[in-house]
Amino acid sequence: MTLVVDPASYWAPYFTSFGRLDPYLQSIETTMPDPVACIIGASDGKFVVPLLRRGWQVIAIELDETFISGGAVELRTGEQRIQGLIPRLQELGLTHRCEIVRCDYMEWEPLTPVQLAVTSGLWSMPVNRAHGLAALVRRQQDYVAPDGLLFADYLLATNEGEADTGVCPEPEELEGLFPASWEVHVNEEVGTHGESHFGWEDWHEHRYGAVVAQRLKCLP
Ligand SMILES: C[S@@+](CC[C@H](N)C(=O)[O-])C[C@H]1O[C@@H](n2cnc3c(N)ncnc32)[C@H](O)[C@@H]1O
């Protein structure tokens, strides 16, 4: 089954390497009943909906009430309606398998580590930068159970200013943040994409990277 983002999400048109998770998810699904994913920065369900439809349980972590409950955001082009994650899940009859947590992922952790933790462009968002890259990555790693997966779309620097933020690593730098207890399956630059969106409406370009890594099973 190919992994496709929810087309109803405001963020659906924006770049992601999420589909690259597909074969790694399959290997978990064949060995683990009822796997659980944490979508960190879940917004209105771009990654939540496809995982629920695929049979995963999902914990959706999000700070923004408008994208959780629905409403509108003001863009230069006018008002943009946002359906919101809760109404979207109600429409699809998927509410019962999704827990929504309105919090900062740096200040929260799942009761039990999960089989998949996902972020997309999140480490470099201004709200997260002060933590520094190592702490942001470490926190996401801490969510993941042995044998579980970490996926991230991340931004590489396109200029000195972005490099100075310290949260836009080259793949080699990111690789160094995965200790020997992790196997890094994918970690590479995946191209430059132009975009304009809520939160950053001036046309801009991002160099994207993708990482898929698996926490190794603890040896007895
Ligand atoms: C740019 S949107 C992208 C949403 C969509 N999942 C995607 O990747 O295309 C990032 C979302 O992450 C949320 N977010 C950012 N930092 C967060 C944090 N520390 N904890 C929880 N949510 C966060 C923002 O509120 C925003 O809705």
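Me: Which residues of helix α4 (residues 85-92) are buried?
Reply: In this predicted model, they are Leu 85, Arg 88 and Leu 89. Buried here requires 20 or more other C-beta atoms within 10 Å of the residue's own.

Me: What makes these buried residues line one face of the helix?
Reply: Seen down the axis of α4, they fall within an arc of 95°, so they line one face. On the other side, Gln 90 and Glu 91 are exposed. Exposed requires 12 or fewer such neighbours.

Me: What do the buried residues of α4 pack against?
Reply: They pack against α2 (48-53), β2 (57-62), α3 (65-69) and β5. Contact means C-beta atoms within 7 Å. After α4 comes Gly 93, with a positive phi near 70°.

Me: Why are β5 (98-102) and β8 (182-197) called edge strands?
Reply: Each pairs on one side only. The open sheet has seven strands in the order β5-β2-β1-β6-β7-β9-β8, with mixed pairing. Its neighbouring strands are turned by 15° against each other on average, direction ignored.

Me: What makes β7 (residues 144-156) and β9 (residues 200-215) a pair?
Reply: A pair needs at least two bridges. These strands have eight, in the antiparallel sense, so the pairing criterion is met. Leu 149 stands opposite Gln 214 in β9.

Me: Which helix packs on the sheet, touching β1 (36-40), β6 (114-120) and β7?
Reply: Helix α5 (residues 133-142). Its direction makes about 150° with that of β7.

Me: Which residues come nearest the ligand?
Reply: Of the 21 around the ligand, Trp 11, Gly 41, Ser 43, Asp 64 and Ser 120 do. The shell divides into 12 nonpolar, five polar and four charged residues.

How values were computed:
Residues are numbered from 1 along each chain as its sequence is written. This is a predicted model: local features need pLDDT of at least 70, side-chain atom pairs count only at pLDDT 80 or more; totals for chains, interfaces and linings use all residues. Helices (H or I, at least four residues) and strands (E, at least two) are DSSP runs, numbered from the N terminus. Axes are lines fitted to C-alpha atoms, for helices over the stretch in contact, and angles run from 0 to 180 degrees between N-to-C directions. Two residues are in contact if their C-beta atoms, placed from the backbone, lie within 7 Å. A residue is near a molecule or strand if its C-beta atom, placed from the backbone, lies within 6 Å of it. Ala, Val, Leu, Ile, Met, Phe, Trp, Tyr, Cys and Pro count as nonpolar, Asp, Glu, Lys and Arg as charged, and the others, Gly among them, as polar. The arc is that of the directions from the helix axis to the C-beta atoms.
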